[in-house]
Amino acid sequence: MGNFPLCLSCLRPSAVSLLHRLIQQLVPCTHLVPLARHYLEQQRLVPQTDVTLGVLRAGELQLAPGSVLVLDETQLEGGQFVENGACNLQALESLVANQELHYQVPFGSSTFQTDIPTLVLSSGCKSVLSVGGSFWCCFCFCPFVAVLLSLLFFLCLFSCACHMG
């Protein structure tokens, strides 16, 4: 169907839970990822091979096709990402921009295509994710307008999916 991420910016953090609850009522599966530095440093977003046990450990971004990924940038605080946080941020950028998820396997990585519509909620004027302009950005100043735009986005998304399948 293509990639059409949506970024709603200039939101208050209190609007995130409202928008996420609304989306949960509209789609079968959603997943909220807070883009807080401590969260990204501690979590494993991409699948990785545990070489000592010889098993592939699941990652948080391993979602069913059509799941809606909601990225909460309102929790982002200042500072730099290190190690795991930087890798997780790169994984998010790749997923949002190219709909690709890189699995960490011994001696490299393997890339898989995904079908994960993405909604980025930001309190700033733009997203922290550098995805080369693939966002349709909307600058919202009140939660009501954000809810309406989110609703329109997902209605269009599912209308297209119904006509294709």
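Contact means heavy atoms within 4.5 Å. The model on screen is predicted: local features need pLDDT of at least 70, side-chain atom pairs count only at pLDDT 80 or more, and totals for chains, interfaces and linings use all residues. Residues are numbered from 1 along each chain as its sequence is written, and side-chain values use heavy atoms, with hydrogens and water left out.

Select Leu-92 first. Leaving out residues up to four places away in sequence, Leu-92 touches Leu-35, Leu-40, Leu-45, Leu-61, Leu-69, Leu-71 and Leu-129.

Next, colour the largest nonpolar core (a set of buried Ala, Val, Leu, Ile, Met, Phe, Trp, Tyr and Cys residues joined through side-chain atoms within 4.5 Å; buried means under 20% relative accessible area, with a 1.4 Å probe and protein chains only). This core has 21 residues, and those touching the most other members are Leu-40, Leu-61, Leu-69, Leu-71, Leu-92 and Leu-129. Two or more residues each come from α2 (37–42), β5 (68–72), α3 (83–98) and β6 (100–105); helices (H or I, at least four residues) and strands (E, at least two) are DSSP runs numbered from the N terminus. The largest share, five residues, is from α3. A second, separate core has 11 residues, including Val-16 and Val-70.

Now go to His-20, in helix α1 (residues 14–26). His-20 is buried, at 12% relative accessible area. Beyond four places in sequence, its contacts are Thr-30, His-31, Leu-32 and Val-70.

Finish at Val-46, in the loop between α2 and β3 (48–50). Val-46 is buried as well, at 8% relative accessible area. Show Arg-57 too: Val-46 and Arg-57 are 11 residues apart in sequence and 8.7 Å apart in space, C-alpha to C-alpha.

Methods:
Buried < 20%, exposed > 50% of the residue type's maximum accessible area, 1.4 Å probe, protein only.
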